[in-house]
Amino acid sequence: MLNFVLLIFIYIGIYAIASLGLNLIVGYTGLLSLCQAGFLAIGAYTTAVLMTACHMGFWESMIISGFLASLFGILIGIPTLRLKGDYLAIATLGFGEIVKNVILNWDSVTKGPMGINGIPGPSIFGTTLSSMDKPEWIVIIWVGVVVTYYFIRRIVRSRIGRALEAIREDEIAASSMGINTAKYKIGAFTTGAFLAGIAGSFFAAFNQSVAPLTFDFMMSIMILCMAVLGGLGNSFATIIGTIIIVLASELPRLLGISHIIPPQLNQILFGFILVLIMIYRPQGIIGRIKLNYAKIVKEEIFDLEK
Amino acid sequence: MNLFNIPSNELLQHLINGLTLGAIYSLIALGYTMVYGILKFINFAHGEILMAGTYAGYYFYFFLYDPSKGATYTIGIFIAALLIAMTASALLGVIIEKFAYKPLRKAPRLAPLLSAIGVSIILANLAALFFGTKSKKFEYPFDNSSMQIGGSSITPNQLMILAVGLIMMAGLKLFVDRSRLGKAMRATSQNQPVAALMGINVNLIISLTFAIGSALAAVAGVLMALEYKVYPTMGTMAGLKAFIAAVVGGIGNVNGAMLGGIILGLLETFGVVILGIPQGLKDTIAFTVLILILLLRPSGILMKNIREKV
């Protein structure tokens, strides 16, 4: 039981890194990306191949995984980000499918549908972690989550973040204010992909195996639901959303009723979350924290008057 | 003729295969394009509406199917099943529009898109829950043994797909171009508020658009099901590719959807033959086409490049 709770915390951490990345793309910049699972797959498989075939360590592999995923982020971003959101959604969906298909068919490297097994754990302070060392894993992954959280917080509270939000609100107005929209959009997309790559790397090393069908379209949707449920454009809310979604999808197993509940119910739930949240509470359950300019100005004036 | 070193009889064969595939894509693409033309939004659930209609038709056909009652009876219930599939899809399309899209008409662009994705997931999983994930065979209403024409073999079903596709598209073209409702539809897509001022019931036109688009998708679904069976995710990939077809032709343009479907069908068939792309990566062709068309001619083949205005 305790073991299972720890496992859930690990998964929440892994998904939180990916959903924080997606929130930067969807929530802050307003681009709908449906291939977060594809980037996760790239990260996971890069780590798997580097650690098993090339005998590299985990930490180097993780960094390479992140950068490779972001490289693909640039590759898919450049042709599509010049376009409106709807096209991007389809193009990213297609990209996710292509990644899955390539992994399934590129037998010599990815071992096709069998996946890669026997991925060694990361070594830290001279000891190699296995999947059994759950407390250590929680520490490592949640350090990752905290770093990601502050990293994104620094981005969105800077000039870059304001540019991203301006693009989300009105792209034409943003570009007429001198914001290089293509640059910022590709930047956001690439950063989100990088984080998904890192999450994928953790995923591979923790599970010690990767299989292509894990990274399907439903995984992208699940990650999207995390950001949407918590509140688009709010990192803290995204983490809350991640916790709720992971708990909701693991709860039947936790209660020991997973054999009664068909797996489709979970996905139907995700579907309803998307529809109902969009109609009744588009800002998510937590909502978006907005800088209150009126208050700032008032306080400034108040200061001056004093 | 020895284009790309393919014998001419095989060339004809691939041409026919490509055209039948293209006809199916075109039928589905019309739904995307009509909805986009009016609401400027991609109905992500279109593929699942197709699937639901096909299931309705399938069950009707399945329960009444009885080979001992002769060919006329079988063809009769097949046509009835087709009509039932069309009605079911049309109703579902209209209902979905009322509940999941209409409240979001004035919301930011992202909202209806996410809502549509939600609807598509709900439908696909409900189907898996109620009908099972196993694919079901849709029996041919006629003897489907292939005929030899010019050294290539053509099945009656392929001929039927081409014929039905042609009839449906010609019918739609006539409806949109000649009828009063078609005119109202075109007016609504050009300028909604002004169309409303001219006394057009915009909500009715939107519902009608969803109904027609969904019914056409159901036709494509039943035709597809004869070749590839019925299963809960049958609409997903077909829907995506049809969407790509709509983009290739120029989304929002009815002629473009038909042309785009045919082009994509031919590209997919010949891509496998000429470029030697393995079957497992066949789906990659369509997405590569999408990215290329977005790069080179984002407004599609038949559309003029219109700059977005504030």
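Helices and strands here are DSSP runs, a helix needing at least four residues and a strand at least two, numbered from the N terminus. With that settled, I opened the model, which is a predicted one.

**Entry 1: chain B from end to end**

I read chain B along its sequence and noted the pattern α-α-α-α-β-β-α-α-α-α-α-α-α. That gives 11 helices and two strands. Next I looked up the radius of gyration of chain B, which is 20 Å; the globule rule gives 19 Å for 310 residues, so chain B is as compact as a globular protein of that length. I noted a box of roughly 60 × 50 × 40 Å for its C-alpha atoms, along the principal axes. Buried residues come to 51% of the 310 in chain B. I also checked how far its contacts reach: of those between residues at least 6 apart in sequence, 76% join residues at least 24 apart.

**Entry 2: chain A, the partner**

I turned to chain A and found 13 helices and two strands. Its radius of gyration is 20 Å, which agrees with the value near 19 Å for a compact globule of 306 residues. The C-alpha atoms of chain A fill a box of roughly 65 × 40 × 40 Å along the principal axes. Here 47% of the 306 residues are buried. Among contacts in chain A with a separation of 6 or more, 79% are between residues 24 or more positions apart.

**Entry 3: where the chains touch**

How many residues does each chain give to the contact? I noted 35 residues from chain B and 33 residues from chain A. On the chain B side, the elements giving two or more residues are helix H4 (110-131), helix H9 (234-249) and helix H11 (282-296). H4(B) brings the largest share of that side, with 14 residues. I sorted the chain B side by character, too: 27 nonpolar, five polar and three charged.

**Entry 4: a helix pair in chain A**

I picked helix H1 (residues 2-28) and helix H11 (residues 235-254) of chain A, whose axes are 8 Å apart and meet at an angle of about 140°. This makes H1(A) oblique to H11(A), because only angles over 145 degrees count as roughly antiparallel. I put the crossing of H1(A) and H11(A) down as right-handed. Among the residues making the contact are A:Phe4, A:Tyr11 and A:Leu20 of H1(A), and A:Ile239, A:Val246 and A:Glu250 of H11(A). I counted the types in this contact of H1(A) with H11(A) as 12 nonpolar, six polar and one charged.

**Entry 5: three loop residues**

Which loop holds A:Ile261? I found A:Ile261 between H11 and helix H12 (263-280) of chain A. A:Ile261 has 13 C-beta neighbours inside 10 Å, so it counts as partly exposed. From A:Ile261 to A:Tyr28 I noted 36 Å, C-alpha to C-alpha, with their positions 233 residues apart in sequence.

A:Gln208 caught my eye next, with a positive phi of about 60° although it is not a glycine. A:Gln208 is in the loop between helix H9 (181-207) and helix H10 (217-230) of chain A. Its 16 C-beta neighbours inside 10 Å make A:Gln208 partly exposed.

In chain B I came to B:Lys229, a residue other than glycine with a positive phi near 70°. B:Lys229 is in the loop between helix H8 (202-228) and H9 of chain B. I found 15 other C-beta atoms within 10 Å, so B:Lys229 is partly exposed.

Notes: Residues are numbered from 1 along each chain as its sequence is written. Chains are lettered from A and ligands numbered from 1 in the order in which they are written. This is a predicted model: local features need pLDDT of at least 70, side-chain atom pairs count only at pLDDT 80 or more; totals for chains, interfaces and linings use all residues. Two residues are in contact if their C-beta atoms, placed from the backbone, lie within 7 Å. Ala, Val, Leu, Ile, Met, Phe, Trp, Tyr, Cys and Pro count as nonpolar, Asp, Glu, Lys and Arg as charged, and the others, Gly among them, as polar. The radius of gyration is taken over C-alpha atoms; the globule rule is 2.2 Å times the number of residues to the power 0.38. A residue is buried if 20 or more other C-beta atoms lie within 10 Å of its own, exposed if 12 or fewer, and partly exposed in between; C-beta atoms are placed from the backbone. Axes are lines fitted to C-alpha atoms, for helices over the stretch in contact, and angles run from 0 to 180 degrees between N-to-C directions. Angles under 35 degrees count as roughly parallel, over 145 as roughly antiparallel, 65 to 115 as roughly perpendicular and the rest as oblique. A crossing is left-handed if the near helix is turned anticlockwise from the far one by less than a right angle, and right-handed if clockwise.
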